Amino acid sequence: MSKARLMQGNEACAEGAIAAGVNFFAGYPITPSTEIAETMAKLLPKTGGKFVQMEDEIASMGAILGASLAGAKAMDATSGPGFSLKQELIGYAACAEIPCVLVDVQRVGPSTGQPTAPSQADVMQARWGTHGDHPIIALAPWSVRETYDVTVMAVNYAERFRTPVILLMDEVVGHLREKVVLPDHVDVYPRRQPKKTRAEGYEPFTPDEDLVPNVADFGKGYHIHVTGLIHDDTGFPVGSPAITEQSIRRLHEKIDRAGEEIIHTECSFMDDAEYAVVAFGGTARTAYEAVRAARARGEKVGLVRLITIWPFADKVIAALAKKVKGILVAEMNYGQVVGEVRRAAAGACPVELCGKYNMQAFEPQEIETAIDQFIAAVK
């Protein structure tokens, strides 16, 4: 049985990655994610893995893609400015179907912004930061222990769907320290392997039944062509409109098919709730306390916490909007998730923003006051 440990969120992220089989990390130090790189540098050599500090954020993203193509489970960690620099190669990973995990410990922006100040303003960049039509999976933990679990989940999803997965943390969770007991064992999704030999007509991008290809690792004796151009099952570029449409649709459908299985949410105090607060990451911790205080005063309010940010929890929010009189979205930004909640609610109830973007995390009283004002306005 594992012993209880005092651990930081960023440290839990690194340990979760190693537990999930990550054996290659390339990165460039940037606050408030640097502890992830520091922990990986310390732990990876002990497990036979490799740590490389690259010369910049673009190079580190390129390095993990190369390592992944060679068979490694690979991860990188950064914050807002570095996340921006990595976007072109995130798109390359989506098109070439290269499994990898990128951790973004969010801080105030735009540009250099306020280093090491908490924010949740990279939500839309996680989804739309790289150009073109592409799917993405993004996950947001709210505690140190959940950071460990969600990192394992991110690595497994990257391998299962052969896609980049974003771990959308924030400075609050990244630098939080809590007592945790880590599991002795986690379920690990293995690297997908070819089902045919070269003699049997193996083509690297022929999709399996779940629409995901089983691309062989470089160096295993297979002929593999990898490109960011639209390609057919051989991996070589094609100029066909039909293949282009088919390829882009398959990239989306391989994730869409998983449906609600990969869309994780958590409800608190929702059994009799007439109003709901929607929150995620570090803000959800504060929202929980605000909701608990409001209920102690007799207000029928509950909390819906988003763990999967992308794909968005459309069905959960649509059902919620039909159940409650109003939804308040608490997030540390100028208003990003609130737009998605409004879209999914489709006018079934009022949806309002409780936003904050001044370098400071929410205090419970701030969200509690916003709840009271929202309920009074809706009534």
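Which residues of H3 are buried? Keep that question in mind as you open this predicted model, and begin by selecting helix H3, residues 57–69.

This helix has 13 residues and reaches 19 Å from its first C-alpha to its last, which is close to the 18 Å expected at 1.5 Å a residue. Colour the buried residues of H3 and you will mark Glu57, Ala59, Ser60, Met61, Ala63, Ile64, Leu65, Ala67, Ser68 and Leu69. Because 10 of the 13 residues are buried, H3 is largely enclosed by the rest of the structure. To see what surrounds them, show strand E2 (24–27), strand E4 (74–78), H4, H5 and strand E5 (100–108), against which the buried residues of H3 pack.

Next, select Lys86, which sits in the loop between helix H4 (80–85) and helix H5 (87–96). Lys86 is buried, with a relative accessible area of 1%. Setting aside neighbours within four places in sequence, its contacts are Glu57, Ser60, Met61, Asp76, Thr78 and Leu102; of these, Glu57, Ser60 and Met61 are among the buried residues of H3.

Finally, move to helix H11 (residues 314–323) and helix H12 (residues 337–345), whose axes come within 8 Å and cross at roughly 65°. That angle makes H11 roughly perpendicular to H12, and the crossing is right-handed. Display the side chains where the two helices meet: Asp314, Ile317, Ala318 and Ala321 lie on the H11 side, while Val341, Arg343, Ala344 and Ala345 lie on the H12 side. The residues of this contact divide into 6 nonpolar, no polar and 2 charged.

Technical notes:
Residues numbered from 1 in each chain as written. Predicted model: local features only at pLDDT ≥ 70, side-chain atom pairs only at ≥ 80, totals over all residues. Heavy atoms only, no water. Helix = DSSP H or I, 4+ residues; strand = E, 2+ residues; numbered from the N terminus. Buried < 20%, exposed > 50% of the residue type's maximum accessible area, 1.4 Å probe, protein only. Contact = heavy atoms within 4.5 Å. Axes fitted to C-alpha atoms, helices over the stretch in contact; angles between N-to-C directions. Parallel < 35°, antiparallel > 145°, perpendicular 65-115°, else oblique. Left-handed = near helix turned anticlockwise from the far one by under 90°. Nonpolar A, V, L, I, M, F, W, Y, C, P; charged D, E, K, R; others polar. Expected span 1.5 Å × (residues − 1).
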